[in-house]
Each structure stands twice: as C-alpha cells, then as structure tokens.
Amino acid sequence: MTSATPAGAAATPSHTAAEIASQPDCWRRAADALPRYADALPRRGERVAVVGCGTSWFMAQAYAALREGGGHGTTDAFAASEFPPGRAYDRILALSRSGTTTEVLDLLGHARTAAVPTTAVTADPATPVMALADAVAVLDFADERSVVQTRFATSVLALLRAHLEAEGARPDCVRPLARAVLDAERAVTAPLPEGLCGAEQFTFLGRGWTYGLALEAGLKMREAAGAWTEAYPAMEYRHGPISIAAPGRVTWVFGPAPAGLAEDITRAGALLVAESGDAAAESDPLADLVRAQRLAVAVAGSRGVDPDRPRHLTRSVVLGDRQRT
C-alpha cells in the first residue's frame, strides 16, 4: 500500500535520507582509515580538549566521556567559542566537517601561537583547517551534500571509538565498534516505533557518552523537521523536565534507562523509546542515533518540510570580524 506524499515534501529521497542510510559503510571505512591517522590522534595520558560547533560539539562530548571512561586520559569537550583561555592541555582535537568554521579556525590559530599541539578531523582537504592544524585526519568519504550533518559526525565518532579499541581503552560498558556497525545496518531499515511521527514533542535522554548522542538527536529533529525537542542527562529528567511528559509526547533514552524511570514516564502518559540498553538484543546507542536521524526525516515529511533545506542554516558558519565578539 502506498500513501500520498505530504504537501511540500520531496517526492524523491532527500540527500539527508541517503546519507543516513550510508552510515554503516562509512563507519567501516572510518575504522579502516585508523592506521593512517592513529599517530595524529590523542596519545594515552595526554590531557585533551575536544572542540567543535553544533553537531561536532556533541560528538566531542560523547568522545570525551568515552576516552575518560576507558582510562585513556583526562578529556574535556567545549563548544569552540567557549574554550577557556589559559587552561593547559597537551592537545586540542578539533572536529569540523567543513574545515571553515570561524570559531574552530580562530581557536586553532590561538593554539598555534601558544605552541599547543592540535589535530583536526575534517571532511574537506581543500579548506583552511589543513594549514592551521598540526595534523589532520580527512574523512572525505563521509562528506555530505546536506546542510544537516549526519554521517560525517558519526563517522568521526566511529574513528575515535576504533582508536580507543586499538589502544585497549574501550570502556567495559561499551560494545565493540563492529557490533555498532551491525546494529546500524538494522537501524537503517527497521520500522520506527508506532506513533512517533505524529507526536507533539520529543525529549532525548542519555548518560555518560550517550548524553552527547541525546543532544545530537534533539538537534537533528530541530534542524530537519523544526520539531519541539529537548535533551537532558537521564538522571536529571526527574528534576523538572518530566513535567512536560504527557500523552502525544515522546521520551527517547539512549543507553540503559535509570532504574524506575520507564515507569515514571509511562505513568505520565508519554511514549517511551528505550531500545539501546545493556540487553543482548538491544542496539548500540550510536546505531540508535541513526534511528533518531531517520525519525527526523520522517517527521519532516509528515509536516511537509524539506530536510535538505533547514530554516536559517548554512553548511558552515563563517563570521565577519564584527561577529566574532
């Protein structure tokens, strides 16, 4: 049975949808690229700051939690514009799909002046980040036509997860990347849970490294579909945010849900999505993010919104001198 295309929706698959579907292959390629870039990535014991903007910042948060959780070294994550001047680090790791984001380039320039080693991960080798960073990992196979960033960000995290595994620093509670790839292959085709596309509001929750994924899921829903979304650390949900849980609204948990939270959400009448916990049949949280990305595209379609043309957004934010302060 077929359904009519909503008014204003694209009649053919969007670039965003196609890029989401390509992620399992991109993650494999990221892992295969590790030998070329391992020497550029953080060394065991280094004190590292990971920086980015938007989606890259959320991936930085996820990686920082993974690296510390695996005992590889102290790791902080910052929006590039909020990097604390004067704080000492052994390395700055900058994530930038475009390689042109003003705040990231400015920070790399300051780091060079201060003689702080820097590494960048980018999708475009023909951009200014190549000259400003001391070392660069280029994941050009994961670049995107869409403004909305999906596969590049997750491929960066796949590369960094592969590196932690190679260093013997994968946290005990985190599945191997190879399992995440298999889960992602299922995530790109499996039906989404019933009742999601018509929901009024979406809240995404996570703990540790999955909190960054929750933030990213919320951003994808806002960017692609213009949806009302929020994201919180899972244990913070009872401290106020649960007050908006209600019938017709969704609470999506990345990773294991805190004890008793599912019952609290059900009592509030919200629809709970929690399929990336510790059970063997549940998926890797990064693969669960793929499902959230697909949901963003599906919600956009149901609202007659083109996910390839998000409102007020461009592929990269490049600021003039007066906009830097």
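These are my notebook entries on two sheets, a helix pair and one proline in a predicted model.

**Entry 1: the five-stranded sheet**

I began with the strand order of the open sheet of 5 strands, which is S2-S1-S3-S4-S5, with parallel pairing. I then looked up the edges of this sheet, and they are formed by strand S2 (75–79) and strand S5 (135–138). Each of these two has a single partner strand, so one side of each is left without a neighbour in the sheet. From one strand to the next, I noted a twist that averages 20°.

**Entry 2: strand S3 and its partners**

I turned next to S3, residues 91–96. On one side, strand S1 (residues 48–52) is joined to S3 by 4 bridges, and the two run parallel. I found Val48 opposite Arg91 of S3. S3 also pairs with strand S4 (residues 118–122), again in the parallel sense, over 5 bridges. Here I recorded Ser96 opposite Thr122 in S4. For background, I noted that strands of a sheet pair through backbone hydrogen bonds, either parallel or antiparallel.

Is S3 buried or exposed? I found 6 of its 6 residues buried, so S3 is largely enclosed by the rest of the structure. In a regular strand the side chains alternate between the two faces of the sheet. I therefore checked the two faces of S3 separately, and both are covered. Arg91, Leu93 and Leu95 are buried on one side, while Ile92, Ala94 and Ser96 are buried on the other.

**Entry 3: helices lying on this sheet**

I looked up which strands helix H4 (residues 102–113) joins, and recorded a right-handed β-α-β unit made by S3, H4 and S4. H4 lies across S1, S3 and S4, and runs at about 160° to S3. Helix H3 (residues 55–69) lies across S1, S2 and S3, and runs at about 170° to S2.

**Entry 4: helices H3 and H8**

I then followed H3 to helix H8 (residues 209–225): their axes come within 7 Å and cross at roughly 165°. Angles over 145 degrees count as roughly antiparallel, and H3 and H8 are therefore roughly antiparallel to each other. The crossing of H3 past H8 is left-handed. On the H3 side, I listed Thr55, Phe58, Met59, Gln61, Ala62, Ala65 and Leu66 as making the contact. On the H8 side, the contact residues include Trp209, Tyr211, Leu215 and Leu219.

**Entry 5: the four-stranded sheet**

I next recorded an open sheet of 4 strands in the order S7-S6-S8-S9, with parallel pairing. Its edge strands are strand S7 (229–233) and strand S9 (271–273), each of which pairs on one side only. The twist in this sheet averages 20° from one strand to the next. I looked more closely at strand S6 (residues 201–206), which pairs with S7 in the parallel sense over 5 bridges. Leu205 has Tyr232 in S7 as its bridge partner.

**Entry 6: Pro193**

Where is Pro193 placed? I found Pro193 in the loop between helix H7 (177–187) and S6. Its relative accessible area is 22%, so I entered Pro193 as partly exposed. Leaving aside residues up to four places away in sequence, I noted that Pro193 touches Val273, Glu275 and Arg291. I also looked up Arg249, which is 56 residues from Pro193 along the chain; their C-alpha atoms are separated by 13 Å.

Conventions
Residues are numbered from 1 along each chain as its sequence is written. This is a predicted model: local features need pLDDT of at least 70, side-chain atom pairs count only at pLDDT 80 or more; totals for chains, interfaces and linings use all residues. Side-chain values use heavy atoms; hydrogens and water are left out. Buried means under 20% relative accessible area, exposed over 50%, partly exposed in between (1.4 Å probe, protein chains only). Two strands pair if DSSP finds at least two bridges between them. A crossover is right-handed if, with the strands pointing away from the viewer, the path from the first strand over the helix to the second runs clockwise. Axes are lines fitted to C-alpha atoms, for helices over the stretch in contact, and angles run from 0 to 180 degrees between N-to-C directions. Angles under 35 degrees count as roughly parallel, over 145 as roughly antiparallel, 65 to 115 as roughly perpendicular and the rest as oblique. A crossing is left-handed if the near helix is turned anticlockwise from the far one by less than a right angle, and right-handed if clockwise. Contact means heavy atoms within 4.5 Å.
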